[in-house]
Amino acid sequence: MMRLRIAAYALALLPVIAPAQQGQPGQPGPPGQPGAAAGGISYEKRFPVIESGKWTGKRLPDGQPDVAGDWSNTIANHDNFTDPQGGIPGDPSSVARNRKLGPREERAPSRVSDPADGELPYQPWARAKQQEFAVGFFNAVKPEYIEPLARCAPSGIPKSLYWHGYEIRQYPGYVLFLFGSGWRIIHLDDKPHLAANIKIWNGDSRGHWEGNTLVVDVSNENSKARFARTGDFASENVHIEERYIFSSDNKRYDYVATFTDPTVYTRPVTVTIPARRWTLNDPKNSWHFPVVAANNPGKEVIPDHFERICVENNGGFGQLAVPQKN
Amino acid sequence: MSIGAALAICFLISPANAGAPARAGGDSSAGVGKIPRLGSGRPDFSGIWQTTSAADQGLEPHEARKGAPPSAGIVEGDVIPYTPEALEIKKKNYEARATADPRLKCWTLGTPRGIYYPEPFQVLQRAQDLTLVFEFGDSVRTIHTDGTLHPAETDHEFWLGDSRGHWEGDTLVVDVRDFNDQTWLSRAGDFHDEALHVVERWKLIDANTIDYKATIEDPKVYSRPWNIEVYLYRHREKNFQLIENYCYTQDYDQYYPIPKQQ
């Protein structure tokens, strides 16, 4: 379990950049994941809307807005797509059973921002399939109820953006995302997409900048990753138009994407995911920001990262045959 | 066409060099053309690269065998200096290669195997680092060129090692250490232990060719350090790009059905 060992290092042994740990008593982190030990996911229940417009911040020599660095969503992980802080439906763990959720409006909104009801507009057969997975997740009588992420498959779109933090690196012609499992290259040119019969976990991306907004056209998704442990999904026919809208102070961005899949949904869906940048002043949180200080004795603090190779979930996480007793 | 470009192309198609590296100790600077550089003047390794050699079939010279082409090898002096005990392990690995090669499980290939594995990788370069994005297995390796040191704590945990580079003229010299023992060096069962230490030397010899050298040492496995050299060629096909190849889950694909309307 390399990843777990690395997480332990980040917490205990290596010089971590952040000065203090931000614990959130009463806010459970994702069960079985390092974040729980690191103070949980920094739940944000509300977030500012960032408008598309001019970029007035720093630019790279090639003219791109400089957004390179470590980023993370601010809401929750992939337990639940439409009620991100609502936990995994049917979770038999004692933590989940003892948790008092309270009214829905006290939690962060659905990642589905359109339709207004926050639900994915599934066709009836597709809703049935989603619910079948949601029920099967904690009663995995079929292998297909085990999420691909359990074998560290890339999380796909959009799940990569809320499964741990990630790093953005930029180059002339490219924006590169480095996730805990897998990479994604956004090509900033107009070369044609891959042939339609090639399906890959993180899709095939073509992007360009419009002021403060990185606009990305995604095709070739294999759509095997699912959006969350709730089983939400699109099909391999999905077309995604993404807008990464960055604030010029370089502290946050909003991901606003339209998912069009007439074979699964009754209408296009808008997905919104808020994100914020890691800074030197951030408290330690290895779930959101797996950043450590480089070994640079006597010199400036430089953020560094361990090798990104996922073996974290290859245990039996989530597949409790018998609910644990308190 | 510039003279430099013409020289570069002549060099690329020269039969003496096609598909095989310059042998260690040879004059690999012949045919030098203009090389791309960053604004800082440093050589710019950005691009998508791949060997044409058969190095991954076995680093030492070998005849053709079923399923593998012959190769003149990429080892200086032709022979990997295994200790007698390690040589026995290598022979067992060779016999079991059809099932035991970690690449068959799509495990991260390691260093230097990822460099001469016959699948493309992309170099993305900034002043502070080079990022190597491998098509095979979705692996990513960062070579730090910001003057930082290896982590003070080592635990033999990295598949690709920890890479810290510096410049010696136009040559990027990379010290790689802190490996695990889970990777092989070739399909022929060449292997290493956790004490593996690799020193790479990356040099552009023209705009489209990297002369890649590495010194490999591991006192648990080899009786002395040894050297390899291989050429890497730039992919210049129109619209060429990496295609994600996360093969680790291929055996499970049947269990990840995309829901369909019945």
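This is a short walk through a predicted model, with a selection to make at each stop.

**Stop 1: chain A on its own**

Start by showing chain A and colouring it by secondary structure: there are 4 helices and 12 strands to pick out. Chain A has 326 residues, and buried ones make up 46% of them. If you like contact maps, look away from the diagonal: among the contacts in chain A with a separation of 6 or more, 63% are between residues 24 or more positions apart.

**Stop 2: where the chains touch**

Now bring in chain B and select the contact between the two chains. Chain A gives 45 residues to the contact and chain B gives 35. Colour the chain B side by residue class, and you will find 19 nonpolar, 11 polar and 5 charged residues.

**Stop 3: the nonpolar cores**

Which residues touch the most other members of the largest nonpolar core? Select A:Tyr255, B:Leu132, B:Val133, B:Ile210 and B:Val230, which hold that place in a core of 104 residues. Then add strand β9 of chain B, residues 226-234, which supplies the largest share of this core with 6 residues. A second core, separate from that one, has 5 residues, including A:Trp278, A:Phe289, A:Val291 and A:Val292.

**Stop 4: the barrel in chain B**

Hide chain A and follow the strands of chain B from β1 through to β9 in order: these 9 strands form a closed barrel with mixed pairing. From one strand to the next, the twist averages 30°.

**Stop 5: strand β4 and its neighbours**

Zoom in on β4 of chain B, residues 140-144. Is this strand mostly covered or mostly open? It is mostly covered, with 5 of its 5 residues buried. Turn the view to see both faces: B:Val140, B:Thr142 and B:His144 lie on one side, B:Arg141 and B:Ile143 on the other.

On to the partners. Strands of a sheet pair through backbone hydrogen bonds, in either a parallel or an antiparallel sense, and β4 of chain B is a good place to compare the two.

- Select β3 of chain B, residues 129-134: it pairs with β4 in the antiparallel sense over 5 bridges. Here B:Val133, which you met in the core, stands opposite B:Val140.
- Between β3 and β4 of chain B are 5 residues, making a hairpin; in its turn, B:Gly137 has a positive phi of about 75°.
- Select β5 of chain B, residues 162-168: it runs parallel to β4, joined by 2 bridges. B:His144 has B:Arg164 as its bridge partner, and B:Ile143 stands opposite B:Ser163.

Terms used: Residues numbered from 1 in each chain as written. Chains lettered and ligands numbered in written order. Predicted model: local features only at pLDDT ≥ 70, side-chain atom pairs only at ≥ 80, totals over all residues. Contact = placed C-beta atoms within 7 Å. Nonpolar A, V, L, I, M, F, W, Y, C, P; charged D, E, K, R; others polar. Buried ≥ 20, exposed ≤ 12 C-beta atoms within 10 Å, placed from the backbone. Core = buried A, V, L, I, M, F, W, Y, C linked by C-beta atoms within 7 Å. Pairing = 2+ DSSP bridges. Axes fitted to C-alpha atoms, helices over the stretch in contact; angles between N-to-C directions.
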